[in-house]
Structures are given as C-alpha cells and as structure tokens.
Amino acid sequence: DHDDEENGGRVDGGKGGDDNDGGKENKEETIDRLHFAEYLFGPHNDAFRPEKVMFDRTLMDKPLSHYWINTSHNTYLTGDQLKSLSSVEMYAAALQRGCKCLEIDCWDSDSKTNNPMVYHGYTVTSKIPFHEIISCVKAYVDANPETLPIILSLENHCTHPFQKRMAQTLETTLGDALYIPKPGMLFLPSPVELVGKVLIKGKRPAEKEDDETITVESVDQTLPDGKENSSEPVLPKICPELARLTMFNGVKYRNFEQSNEMSCTDMHSFSELKVSKLTKDPANVPLWRKYNLDHLSRTYPAGGRVDSSNYNPIAAWSLGCQMVALNFQTDDSAMVLNDGRFRENGGCGYVLRPRSTFPMNEDRNSCKGRVMLRIRVLAAACLPKPNGDIAGEVIDPFVVVRVHDMIDSVKVDGSGSSPKTKVIKDLAGMSITGAKNSVVKDITDKSNVIKRSISHQVEILE
C-alpha cells in the first residue's frame, strides 16, 4: 500500500527522493492524478488474476471430460427462438468469442440436391444451408490452426439422403481437420491431442438390445402455453456414412447407475428443468459428478425461453457438466458469467475443472472450509443517475456488490439485500475517489447439497 500525498497535483509513488537529486528521481517515481485514475480503471489493475488469463498448454493433457467447454445453444439464431433470422455470421461470432461447441439443427429441404437446411424446427425462423456453416468452421480452423477442438453438436432431423449429403459435406469441406473416431475407444482424448480438429456430436445406430436411435434428448420445442413439450419427437435412424464420423453419441438419460456403465463416447443432454429436478435429490449429485469424470454432459435452456434468455450456468458447472449451452445472442448476466469463466486460460474455450467438481471421498473434501473475499472500493466513475434518470446530478452514491450463486436471486446477508458500501453524502460530481469502503464476504461451501451449497455471511466494514 502507498500513502497518498498531494504535491503539485501528483500522487507520491512511495520513495520521496533526495533534496540533492534536483527532483529528477522524484519526477520518475510519481504520476499525476489522471494517470493514476487511468491505472485504476485499466487492465493492469484488473480484478482477474493475470496468470489465469494466460494460456497454459501444460493443463491441456487431461481427458476432455475434465474440462468446462464453452458451448452455444441454437448458435444460428440472431434473436428469439420463434421468428428471428438465422445467420452463418453467428457461428463466426461465437468462434471469435471463444465458443468451442456449436449447435446445428438440420432439416430436409425442398431442394432436389438434398442440401440440408438449418433452422429452428416448427417455427418461422429463417433457414440457412448446412454447407455454409461447415465452410465457416473450416475457414476459422484454417485461420487458427492451433485452435483446441471444435465440437459440432448436430440435432439431426434429416432423412437418409440428406444425412448422406451432410456426411459428404463434412468430409469434403473439413478434410483432414475432421476427426474420425476409432471404434472401441476406452478413454477420451485430451484437448492437446485434438488441436486443429473438428469433432461431431450426434447419434450413432444403437445396439440391437437398445432403442436409443429413435430418441432425442435435446429437442427443446415449446407448447403454445410456454411449457416444455414432454413428448419428444422421434428422429430418423442415422445412416452409416454419418454415424462413422460421429464421435459423441447422444443417449437418453435413465439413471446414473446405468449411465456410468456406458462407453466414454456416450453422453447425455439435460434441459435446465431436468437439472433442477435431478438436483432436488442430493443423492444424484455425487452420482452425476462420478458420471462426469469419464463422460460428457450437456445442459441447455428450457423450451419456454422463447425470448432466448439464459439460465444460471453455475449449478451445472458445479456438477461438473462440461457443456453448459447458452444463447450467445443474448447479452444477459448468464453470458457475462460465461465470458468471465472462459476468459481463463487465454480464452481458448477449455478450462480445467476444479477438484470440487469431481467425486471426492468424505474424509478428503476440498470444498469444506471457509473462504474470505475482501473487496475494497477505491474509486468509481460514470455513476448512473438515481432511478435511471438522464439529467441531474449523482447525489449520495454508493456501490452495490453482488455475488453470483447457484440460485439466481441469492440472499447474501440474511436480509435479502445485496451488500453495499457506505453512502458518500452530497457528491455532485461523477466519480468517487479515495473512499475507503470495503465489503467482506465469508463463503462456506457445503458441497453435499447442491442447491444450497454456498452460504454467505456479509459484513460491511466501516
């Protein structure tokens, strides 16, 4: 900490300098207030740990199931789920934002060329050709040959002739960038083993004793009353040409005991409503984390979110779900959390999950204990007017601190309100500087109950 000393509009940086220096040393070690303010709000004073921003290749040698993967839902849409435009540009934007799992809803077209179209089924959203999306992905891989693997999540509603065209497009357009899995894989590869590769998530033909080929776990249709459609539409069987290219096989969830016996390339998708339902039983939490040790889980927004709003991703992340799919076209608080989560590790789209998301022995639970979060508000600028007013001055401003939990509207201090700094009385300007306001949060993690796993004790320091 440095003591602030006002001297000719300067802030002393620490060493005062000698009277015999001629002021040279003192000039080099002080900055004026404008530069100090620039430092406070600049990247060098970022709250994010600098070492976490850097890409660390040494962390990329674990199986894919050990990572959170930046994932988009209905990537093609520019707006709502019912009548908005579909655009290839949304795939380019998502990739540039660090997304590594893109969703493509494929349907037959009226064309005699058997070219599949991409749009949100049973709605009036516009349509775009499947091959244009694949060309966009290939262009990104060509421009970024060191990219970590990109996963294309195919929601396949096409008949066999169109599926064969999909397989042909994938092979001819992606070429060597397309990863073709080997049968009988026992362990998932690591991200570093798949640099520059594109993986396919979809369906493969089921074994004779299984009927999974005619089910789908991620179709999120909406009924007129806004409720989720519980009767899932039947999908056509997958043609061999497309099945051969499919790395991750979507399988309908029945129970985690059965799921843990599946192949490592079999995976589940869960709607946010299903996540909420499953986590009401605390016994499912360790079973789900055990499943996520060797398999992938994908979660996605409820069908009732026709406005393309997002759900709180923290609960799914805490369960170890790797692909928490969000509507990238909506810049809400969930996407802010997502951008913050995947800012880590150079924004590469893969973040190694912490130990708390893996199954643990009762005698060695790293989540137990207390974590103290201290926040000191040094300055604030561009403060909003009271009640959203445009004109007028900012009077008696304060800063509110919010902690994001697994519950959207968490009561962090028992009173139901978020903690805030002391009010600065009668401030007519647009900034606060030098205000020694602090917020302390004492966070206790009780990991055995997922919906109430974090309790907050909050104190505002004088």
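What is the handedness of the crossing of α5 and α6? The crossing is right-handed (the near helix is turned clockwise from the far one by less than a right angle). This is a predicted model, in which local features need pLDDT of at least 70, side-chain atom pairs count only at pLDDT 80 or more, and totals for chains, interfaces and linings use all residues. Residues are numbered from 1 along each chain as its sequence is written, and side-chain values use heavy atoms, without hydrogens and water.

**Helix packing**

- Helix α5 spans residues 130-143 and helix α6 residues 160-174; helices are DSSP runs (H or I) of at least four residues, strands (E) of at least two.
- Their axes lie 10 Å apart, at an angle of about 25 degrees.
- That makes α5 roughly parallel to α6 (angles under 35 degrees).
- Phe130, His131, Ile134, Ser135, Val137 and Lys138 in α5 meet Met166, Thr169, Leu170, Thr173 and Leu174 in α6, where contact means heavy atoms within 4.5 Å.

**Aromatic pairs**

- The structure holds twelve aromatic pairs, with ring centres within 6.5 Å; planes under 30 degrees apart are stacked, over 60 edge-to-face and the rest tilted.
- Trp68 and Trp317 have ring centres 6.1 Å apart and planes at 45 degrees, so the pair is tilted.
- Trp68 sits in strand β4 and Trp317 in helix α11, 249 residues apart.
- Both Trp68 and Trp317 are buried, meaning under 20% relative accessible area with a 1.4 Å probe, protein chains only.
- Phe256 and Phe270 form another tilted pair, 6.4 Å centre to centre with 35 degrees between the planes.
- Both Phe256 and Phe270 are buried.
- Ring pairs link Tyr253, Phe256, Phe270, Trp288 and Tyr291 into a cluster.

How values were computed: Axes fitted to C-alpha atoms, helices over the stretch in contact; angles between N-to-C directions. Parallel < 35°, antiparallel > 145°, perpendicular 65-115°, else oblique. Phe/Tyr/Trp six-rings, centres within 6.5 Å; stacked < 30°, edge-to-face > 60°. Buried < 20%, exposed > 50% of the residue type's maximum accessible area, 1.4 Å probe, protein only.
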